[in-house]
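Reader: I am new to this structure. Please walk me through the terms used for it, and show how each one is earned.

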Amino acid sequence: MKRVTGIGGIFFKARDPAALIEWYRKHLGIDVQAWGGAAFTWSDQSGKPVGGTTIWSVGDGEAFAPSTSPFMVNIQGDGKGPAW
């Protein structure tokens, strides 16, 4: 990857994922799907999609293992070259 183009995903660990998901749904209006997250389509200032998506998700953190971090942020690249 030669250049970072945006945030690909933001993932939070929660002791009670269902309760935290409901809080975000109720207070911030995030349209949380059955899989535990939402996909935000990138758009320009006029609202026109520009070809990217950021995933937001809450879970129990199993996907982070062996890390004990309470969150994970994935970057998205331009697809030119290796990811690392």
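**Terms and their grounds**

Author: Start with one contact: the T54 side chain comes within 2.5 Å of the backbone oxygen of I7. The model is predicted, so local features need pLDDT of at least 70 and side-chain atom pairs count only at pLDDT 80 or more, while totals for chains, interfaces and linings use all residues. Residues are numbered from 1 along each chain as its sequence is written, and side-chain values use heavy atoms, with hydrogens and water left out.

Reader: What makes the pair T54 and W42 a polar contact?

Author: A polar contact is a pair of N or O atoms within 3.5 Å; within protein, one must be able to donate a hydrogen and the other to accept it, and residues adjacent in sequence count only if both atoms are side-chain atoms. The side chains of T54 and W42 are joined at 2.8 Å. That is within 3.5 Å, so the distance fits the term.

Reader: Is T54 called buried or exposed, and why?

Author: Buried means under 20% relative accessible area, exposed means over 50%, and partly exposed is in between (1.4 Å probe, protein chains only). T54 has 13% relative accessibility, so T54 counts as buried. T54 sits in strand β3.

Reader: How much of the protein counts as buried?

Author: Of its 84 residues, 23% do.

Reader: What are the helices and strands here, and how are they defined?

Author: Helices (H or I, at least four residues) and strands (E, at least two) are DSSP runs, numbered from the N terminus. The protein has one helix and four strands. Along the sequence the pattern reads β-α-β-β-β. The C-alpha atoms fill a box of roughly 40 × 35 × 15 Å along the principal axes.

Reader: How do you know the span of helix α1 is close to the expected one?

Author: The expected span is 1.5 Å times one less than the number of residues. Helix α1 covers residues 17-28, which is 12 residues. From first C-alpha to last, α1 reaches 16 Å, close to the 16 Å expected. Just after α1, G29 takes a positive phi of about 70°.

Reader: What makes R25 and E22 a salt bridge?

Author: A salt bridge is a side-chain nitrogen of Lys or Arg within 4 Å of a carboxyl oxygen of Asp or Glu. The closest N and O atoms of R25 and E22 are 2.9 Å apart. That is within 4 Å, so the term applies. The structure holds one salt bridge.

Reader: Where do R25 and E22 lie?

Author: Both are in helix α1, three residues apart, about one turn of the helix. An α-helix has 3.6 residues a turn, so residues three or four places apart point the same way.

Reader: Why are R25 and E22 called partly exposed?

Author: R25 has a relative accessible area of 35%, and E22 has 40%. Both values fall between the buried and exposed cut-offs, so both residues are partly exposed.

Reader: How do you know that β1 pairs with β4?

Author: Two strands pair if DSSP finds at least two bridges between them. Seven bridges join β1 to β4, so they pair, and they run antiparallel. In β4, Q76 is the bridge partner of G6.

Reader: Which strands are joined to β3?

Author: Five bridges join β1 to β3, and these strands run parallel. There, G9 stands opposite I55. Six bridges join β2 to β3, which run antiparallel. A39 also stands opposite I55 in β3. In the hairpin of β2 and β3, with five residues between the strands, G47 takes a positive phi near 95°.

Reader: What is found in the loop between β3 and β4?

Author: P66 is there, and a cis peptide bond joins A65 to P66, with omega about 10°. G61 is in that loop too. At 13% relative accessibility, G61 counts as buried.

Reader: Which residues form the nonpolar patch?

Author: They are V4, I7, F71, V73 and I75, with about 420 Å² of accessible area together. The elements giving two or more residues are β1 and β4. The largest share, three residues, comes from β4.

Reader: What makes F71 fit such a patch?

Author: Patches are made of residues with over 30% relative accessible area and no salt bridge; like charges are joined within 9 Å, and nonpolar side chains (Val, Leu, Ile, Met, Phe, Trp, Tyr) within 5 Å. F71 has 45% relative accessibility, so F71 is partly exposed and passes the area cut-off of over 30%. F71 lies in strand β4.

Technical notes: Accessible areas come from the Shrake-Rupley method with a 1.4 Å probe; for residues, only the protein chains shown count as cover.
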